[in-house]
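Please walk me through this structure in the viewer, one selection at a time. For each stop, say what to select and what is found there.

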Amino acid sequence: MSSQELFTPSAAAADRDLIFAVIQKHRELSAYYDAAASVSAKLEKVCEFEAADEISGQRNLALTEHANVLIRSAPTTIGGVIALTRYVAGLREWELPDDDAWYQVFLRGLADAIDEIAMAQPHGHSGGSYVSARP
């Protein structure tokens with residue numbers, strides 16, 4: 001199962017947490033880049049390849065820029081945390097940021113988001129004790 005198939009948010013979930021829109025945009029940019037790269041790979045004439053490769057490069061840049069947005073975006077619901085975690089876990093290497101330390105930014109942001117969600121819960125409904133792990 002690909003990262004594209006891992007989640008389909010309900011309309012209500014998407015309205016409550018903008019992370020679903022960020023994920024959807026990343027999914028679309030990945031598909032656009034993949035399609036452009038597939039076309040480039042099939043072309044043999046230099047002028048056609050160069051034109052298609054230029055398009056692929058532009059789409060790759062858009063994907064890379066949005067990958068940085070994706071890993072820095074904070075979900076605001078537990079459903080968003082789950083969707084983002086599953087989505088990022090299923091991404092292929094070319095769909096991720098170029099920075100080798102992207103996962104540190106992602107995990108810190110995810111932990112902060114979980115912390116914020118937990119702190120916003122009424123104390124009687126958290127299902128147990130909670131200790132913030134923020135430094």
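The tour below starts with the whole chain and then goes through single sites.

**Whole chain**

Bear in mind throughout that this is a predicted model. Start with a cartoon of the protein chain, which has 5 helices and 0 strands. Followed from the N terminus, the order of elements is α-α-α-α-α. Colour by accessibility next: of the 135 residues in the protein chain, 31% are buried. If you draw a contact map, look away from the diagonal. Among contacts in the protein chain with a separation of 6 or more, 67% join residues 24 or more positions apart.

**The nonpolar core**

Select I23, L70, L84, V88 and F106. In the largest nonpolar core, which has 17 residues, these five touch the most other members. The elements that contribute two or more residues to this core are α2, α3 (46-72), α4 and α5. Helix α4 gives the largest share, with 5 residues. As background, nonpolar side chains tend to be buried together in soluble globular proteins.

Keep L84 selected and expand to its contacts. Beyond its neighbours within four places in sequence, L84 is in contact with I19, I23, L70, S73, P75, F106 and L110.

**D17 and its surroundings**

Move to D17, in the loop between α1 (11-16) and α2. Which side chain of opposite charge is nearest to D17? That side chain is R16, 7.5 Å away. D17 is buried and has no salt bridge, since a salt bridge requires a nitrogen-to-oxygen distance within 4 Å. The D17 side chain does reach the backbone nitrogen of I19, at 3.0 Å. Show the neighbouring residues as sticks: leaving out those up to four places away in sequence, D17 touches P75, T76, T77 and G80. P75 also appears among the contacts of L84.

**Helix α2 against α3**

Select H66 in helix α3. H66 has a relative accessible area of 12%, so H66 is buried. With residues up to four places away in sequence left out, H66 touches V22, K25, H26 and L29.

K25 is one of those contacts, and its place is in helix α2. At a relative accessible area of 41%, K25 is partly exposed. Put a C-alpha to C-alpha distance on K25 and A67: the two are 9.7 Å apart in space and 42 residues apart in sequence.

Next take E28, also found in helix α2. E28 is partly exposed, at 32% relative accessibility. From E28 to L63 the C-alpha to C-alpha distance is 9.0 Å, with their positions 35 residues apart in sequence.

**The salt bridge**

How many salt bridges does a search of the whole structure find? The search finds 1. Select E95 and R92, whose side chains meet in a salt bridge at 3.0 Å, N to O. In general, side chains of opposite charge can pair when their charged atoms come close. Is E95 buried or exposed? E95 is buried, with a relative accessible area of 0%. R92 is partly exposed, at 38% relative accessibility.

**Aromatic pairs**

For the last stops, show the aromatic rings. The count comes to 3 aromatic pairs. Select Y33 and W94: their ring centres are 5.4 Å apart and their planes stand at 55°, so this pair is tilted. Y33 lies in helix α2 (residues 19-42) and W94 in the loop between α4 (78-89) and α5 (102-120), so the pair ties together parts 61 residues apart in sequence. Y33 counts as buried, at 18% relative accessibility. W94 is partly exposed, with a relative accessible area of 30%.

Then select W102 and Y103. Their ring centres are 6.3 Å apart and the planes are at 90°, so the pair is edge-to-face. W102 counts as buried at 17% relative accessibility, while Y103 counts as partly exposed at 41%. Add F106 to the selection: ring pairs link W102, Y103 and F106 into a cluster. F106 has come up before, as one of the core residues that touch the most other members and as a contact of L84.

Notes. Residues are numbered from 1 along each chain as its sequence is written. This is a predicted model: local features need pLDDT of at least 70, side-chain atom pairs count only at pLDDT 80 or more; totals for chains, interfaces and linings use all residues. Side-chain values use heavy atoms; hydrogens and water are left out. Rings of Phe, Tyr and Trp (its six-membered ring) pair if their centres lie within 6.5 Å; planes under 30 degrees apart count as stacked, over 60 as edge-to-face and the rest as tilted. Helices (H or I, at least four residues) and strands (E, at least two) are DSSP runs, numbered from the N terminus. Buried means under 20% relative accessible area, exposed over 50%, partly exposed in between (1.4 Å probe, protein chains only). Lys and Arg count as positive and Asp and Glu as negative; His and the chain ends are not counted. A polar contact is a pair of N or O atoms within 3.5 Å; within protein, one must be able to donate a hydrogen and the other to accept it, and residues adjacent in sequence count only if both atoms are side-chain atoms. Contact means heavy atoms within 4.5 Å. A nonpolar core is a set of buried Ala, Val, Leu, Ile, Met, Phe, Trp, Tyr and Cys residues joined through side-chain atoms within 4.5 Å.
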